[in-house]
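Visitor: I should like to learn how to read aromatic pairs, helix faces and cavities in a model. Could we take them in turn?

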Amino acid sequence: MSNVNTGTPGTAVVTGASAGIGKVYADRLAARGYDLLLLARRADRLQAIGADLRSRYPVRVESLAADLATPGGLALAVQKLTADPSIAVLVNNAGASRVGSLAQTTSEQLSAMVALNVTALSTLTLAVLSGFQERDSGTIINIGSMVGFAPTAFVPIYGPTKAYILNFTQVLQQQLADTGIRVQLVAPSATVSEGWDVAGYSLSNLDPAIVMSTEDCVDAALRGLDMGELITLPSLQDDSLLRNFETASGALFEAAFLTGQPAARYGLSR
Ligand SMILES: NC(=O)c1ccc[n+]([C@@H]2O[C@H](COP(=O)([O-])OP(=O)(O)OC[C@H]3O[C@@H](n4cnc5c(N)ncnc54)[C@H](OP(=O)(O)O)[C@@H]3O)[C@@H](O)[C@H]2O)c1
């Protein structure tokens with residue numbers, strides 16, 4: 001839907017746009033005609049990316065340098081998002097990981113991952129939601145991860161934060177099902193980015209055959225969005241596995257929720 005004031009599709013907000021997957025989202029959304037609001041901590045990178053995008057696409061690009069893992073940085077972003085009725089897309093992409101055992105994880109690292117991956121993603125979603133509901137349009141893309149689907153000891157805090165994003169996104173999808181607002185979960189597997197080094201693990205340790213290019217990841221995710229997918233796993237070849245997962249999860253919920261009796265295997269029949 002185009003913005004009534006400008007004739008453009010509106011503004012796309014991309015968090016974590018200074019590198020990796022977010023940087024490619026910024027490029028692809030500019031190519032689709034969206035004006036951009038780019039968020040990350042490194043202002044110099046955002047400015048360079050903005051200048052490059054403006055030189056290649058006829059769009060406006062604004063950037064906001066903010067640490068979304070801090071209350072002050074998040075408040076700055078929320079203020080910006082709630083005040084801008086041109087926002088049509090939110091890509092909740094900024095995320096941080098740490099590889100290592102739980103015993104090696106400090107409470108500061110734990111808090112920082114939860115603050116960014118959980119609190120910032122949810123808070124920014126709420127920040128755009130009332131405007132989207134008023135206009136009955138808008139798109140929210142939450143970047144989760146394959147490790148949100150299956151416990152992975154390799155990333156003992158990051159994985160659970162991505163499981164939260166899966167559940168949170170599905171709740172949003174349920175609540176917004178009868179509206180014009182679209183919500184997509186994107187769950188990449190290993191993808192080229194500097195995030196691996198930030199997490200303390202060199203990507204060169206992985207078999208290159210299982211690592212996707214950043215461009216392929218975003219292009220497949222956007223194709224999934226265009227196809228109306230609610231959950232997009234860019235590298236999943238057999239999508240019946242996802243449908244089976246969803247069916248099993250729904251069946252488990254119903255089977256456990258719809259009875260107040262202890263299961264027979266506990267031998268508590270009175
Ligand atoms: N690469 C993979 O294999 C993979 C797989 C599954 C899921 N993902 C997810 O994909 C998303 C993008 O990750 P990536 O791999 O592209 O990593 P990346 O290259 O490290 O990019 C992370 C982005 O987030 C920004 N960021 C980090 N901490 C921030 C903070 N406190 N406040 C604001 N911005 C912050 C970074 O910019 P600044 O440093 O400038 O702030 C950067 O722009 C993440 O949610 C990640 O969990 C990645």
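Guide: Let us begin within one helix of this predicted model. Y164 and F168 lie four residues apart in helix α5, so about one helical turn separates them.

Visitor: Are the rings of Y164 and F168 stacked or edge-to-face?

Guide: The angle between the ring planes decides this, and under 30 degrees counts as stacked. Here the planes stand at 10° and the centres are 5.6 Å apart, so Y164 and F168 form a stacked pair.

Visitor: Which of the two residues is buried?

Guide: Burial is read from relative accessible area, with under 20% counting as buried. F168 has 16% and is therefore buried, whereas Y164, at 32%, is partly exposed.

Visitor: How many aromatic pairs does the whole structure hold?

Guide: A search of the entire structure yields five aromatic pairs. One of them joins F154 and Y201 in an edge-to-face arrangement, with 4.9 Å from centre to centre and 85° between the planes. This pair links distant parts of the chain, 47 residues apart: F154 sits in the loop between β5 (138–143) and α5 (158–175), and Y201 in the loop between α6 (195–198) and α7 (214–226). F154 is partly exposed, its relative accessible area being 34%. Together with W196, F154 and Y201 make up one aromatic cluster.

Visitor: Let us turn to helix α3. Where do its buried residues fall when one looks down the axis?

Guide: One takes the directions from the helix axis to the C-beta atoms and asks what arc they span. In α3 the buried residues are G73, L74, A77 and L81. They fall within an arc of 95°, so they line one face of the helix. The face turned away from that buried side carries the exposed residues P71, G72 and Q79.

Visitor: What covers the buried residues of α3?

Guide: The cover includes the strands β1 (11–15), β2 (35–40), β3 (61–65) and β4 (87–92), together with helix α4 (107–135). As for its length, α3 (residues 71–82) has 12 residues and reaches 16 Å from its first C-alpha to its last, close to the 16 Å expected at 1.5 Å a residue.

Visitor: How many cavities of 30 Å³ or more are there?

Guide: A cavity is a space where a probe fits but cannot get out. The count is one cavity of 30 Å³ or more, and the largest cavity holds about 30 Å³ of space.

Visitor: Which element gives the largest share of its lining?

Guide: Helix α4 does, with four residues. The residues that line the largest cavity are T15, L68, N92, N93, A94, L116, A120, L121 and L124.

How values were computed
Residues are numbered from 1 along each chain as its sequence is written. This is a predicted model: local features need pLDDT of at least 70, side-chain atom pairs count only at pLDDT 80 or more; totals for chains, interfaces and linings use all residues. Side-chain values use heavy atoms; hydrogens and water are left out. Rings of Phe, Tyr and Trp (its six-membered ring) pair if their centres lie within 6.5 Å; planes under 30 degrees apart count as stacked, over 60 as edge-to-face and the rest as tilted. Helices (H or I, at least four residues) and strands (E, at least two) are DSSP runs, numbered from the N terminus. Buried means under 20% relative accessible area, exposed over 50%, partly exposed in between (1.4 Å probe, protein chains only). The expected span of a helix is 1.5 Å times one less than its number of residues. Contact means heavy atoms within 4.5 Å. On a 1 Å grid over the protein atoms alone, a cavity is a set of points where a 1.4 Å probe fits but cannot get out, and a pocket is an open set with protein on both sides within 12 Å along at least five of seven lines; lining residues have an atom within 4 Å of a point. Grid points are joined across faces, edges and corners, and a volume is the space filled by probe spheres set on the points.
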